[in-house]
Amino acid sequence: MSIAENIAAVRQQMDQAARETGRTGADIILVGASKMNDAAAVRQAIAAGVDVCGENRVQELTQKLGEKAYVGAPVHFIGHLQ
């Protein structure tokens, strides 16, 4: 399954869960943990609908920033800083 297919499936599950609580999928932010993925994969995930990217390693974040991986989505530190 491709990155886009995975994200579409997650979005569908999010939409269903939101409807069950009287909300919409637009009320939910999808954060994709982009750690251990290259810049091309991060760009694909953003294009497919990830709202926010999460990194927990400064080295990966700075490398991907240099490769312009996060264009179109903010990036946040997740977990413990390593």
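**Note on helix 2, the nonpolar core and the sheet**

1. In this predicted model, the buried residues of helix 2, which spans residues 39–48, are A39, A41, V42, A45 and I46. Viewed down the axis of helix 2, these buried residues fall within an arc of 160°, so they line one face of the helix. As for what this buried set meets, the residues pack against helix 1 (3–20), strand 2 (52–55) and helix 3 (58–66). Helix 2 is followed by G49, a residue whose phi is positive, near 125°.

2. The largest nonpolar core has 13 residues, and those touching the most other members are I7, L30, V42, I46, V50, C53 and Y70. Helix 1 and helix 2 each supply at least two residues of this core, and it is helix 2 that gives the most to it, with four residues. V42 and I46 thus appear both among the buried residues of helix 2 and among the core members that touch the most others.

3. V50, which is one of the core residues touching the most other members, deserves a separate look at its surroundings. When neighbours within four places in sequence are left aside, V50 is in contact with I7, L30, G32, A45 and A73. Among these partners, I7 and L30 are also listed with V50 among the core members that touch the most others, while A45 is one of the buried residues of helix 2.

4. Is S34, which lies in the loop between strand 1 (31–33) and helix 2, buried or exposed? S34 is buried, because its relative accessible area is 5%, which is under the 20% cut-off for that class. Leaving aside neighbours within four places in sequence, the contacts of S34 are V42, C53, G54, E55, E60, K64 and Y70. Of these contacts, V42, C53 and Y70 also belong to the core residues that touch the most other members.

5. The sheet is open and consists of three strands in the order 1-2-3, with parallel pairing. Strand 1 and strand 3 (75–77) stand at its edges, each with a single partner strand, so one side of each is left without a neighbour in the sheet. From one strand to the next, the twist averages 35°.

6. Turning to one strand pair in detail, strand 2 and strand 3 are joined in the parallel sense over three bridges. E55 stands opposite F77 in strand 3, and E55 is also one of the residues in contact with S34.

Key
Residues are numbered from 1 along each chain as its sequence is written. This is a predicted model: local features need pLDDT of at least 70, side-chain atom pairs count only at pLDDT 80 or more; totals for chains, interfaces and linings use all residues. Side-chain values use heavy atoms; hydrogens and water are left out. Buried means under 20% relative accessible area, exposed over 50%, partly exposed in between (1.4 Å probe, protein chains only). The arc is that of the directions from the helix axis to the C-beta atoms. Contact means heavy atoms within 4.5 Å. A nonpolar core is a set of buried Ala, Val, Leu, Ile, Met, Phe, Trp, Tyr and Cys residues joined through side-chain atoms within 4.5 Å. Two strands pair if DSSP finds at least two bridges between them. Axes are lines fitted to C-alpha atoms, for helices over the stretch in contact, and angles run from 0 to 180 degrees between N-to-C directions.
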